[in-house]
Amino acid sequence: MRSPLDEQQRHVVPIVLGGVLIISAYALIGALQIIVWNPMAAVPGMSLQEIKTAMSSVNEPLVETPVYAWALAGPVLALTVGTFSIVKFPDLPWTITRYFLILIMLGTPTYYFVSFSPGMSLADAFSTTGGDHSPWSRILYGMSFLALILLLLTLRKKDQKHGKATQPLP
């Protein structure tokens, strides 16, 4: 049986799959950090349900819907970029790689944005700081920083398009 993808498209599929998997892992770690790990680290000795109940009782609920939306947005965006790249730009593997590195880099500012309200609710409910109490967010920061370094390293890589090398970025 013949594959619906041509040879160029098959060559960029591993890049797309890797990007989608990394971004999905980022989203999962980020959501767990915000909703589970950080509250439990901030208030040791209480179960997650006890923490949520205590937060709600002082009108500082742990609102999870924006976190779920954020965690879903990353993989959906990655799938969209990946599908579009396979169809429209299969001859630009370095460009596709850069797209995914940029998405991973954007994880840190968006994580900060989506974690701000739950962190402040936690801080107000338990008279603590609103920052990360659990060390797991460092994985996210590290992934975004590594993506930045890799992006900078790939800027000089040339894509082969229609037999000619495209110009590298200045």
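This briefing looks at three consecutive positions, S144, F145 and L146, and at their surroundings. The model is predicted, and every value below is computed from it. S144 is placed in helix α6, which covers residues 137-154, and F145 and L146 lie in that helix as well. The three positions differ in exposure: S144 is buried, F145 is exposed, and L146 is partly exposed.

**S144 and its contacts**
- S144 has a relative accessible area of 7%, and it is therefore classed as buried, the cut-off for that class being under 20%.
- The side chain of S144 is joined to the side chain of T108 by a polar contact of 2.8 Å.
- Leaving aside residues up to four places away in sequence, S144 touches Y26, I104, M105, G107 and T108, so that T108 appears both in this set of neighbours and as the polar partner of S144.

**F145 and L146 at the surface**
- F145 has a relative accessible area of 53%, and it counts as exposed because that class begins over 50%.
- L146, with a relative accessible area of 49%, falls between the limits of 20% and 50% and is therefore partly exposed.
- Both F145 and L146 belong to a nonpolar surface patch of about 640 Å², to which L148, I149, L150, L152 and L153 also contribute.

**A link across the sequence**
- L146 and L101 are separated by 45 residues in sequence, while their C-alpha atoms are 8.9 Å apart in space.

Methods. Residues numbered from 1 in each chain as written. Predicted model: local features only at pLDDT ≥ 70, side-chain atom pairs only at ≥ 80, totals over all residues. Heavy atoms only, no water. Helix = DSSP H or I, 4+ residues; strand = E, 2+ residues; numbered from the N terminus. Buried < 20%, exposed > 50% of the residue type's maximum accessible area, 1.4 Å probe, protein only. Polar contact = N/O pair within 3.5 Å; in protein donor to acceptor, adjacent residues only side chain to side chain. Contact = heavy atoms within 4.5 Å. Patch = residues over 30% accessible without salt bridge, like charges linked within 9 Å, V, L, I, M, F, W, Y side chains within 5 Å. Areas by Shrake-Rupley, 256 points an atom, 1.4 Å probe, with all protein chains shown as cover. Salt bridge = Lys/Arg side-chain N within 4 Å of Asp/Glu carboxyl O.
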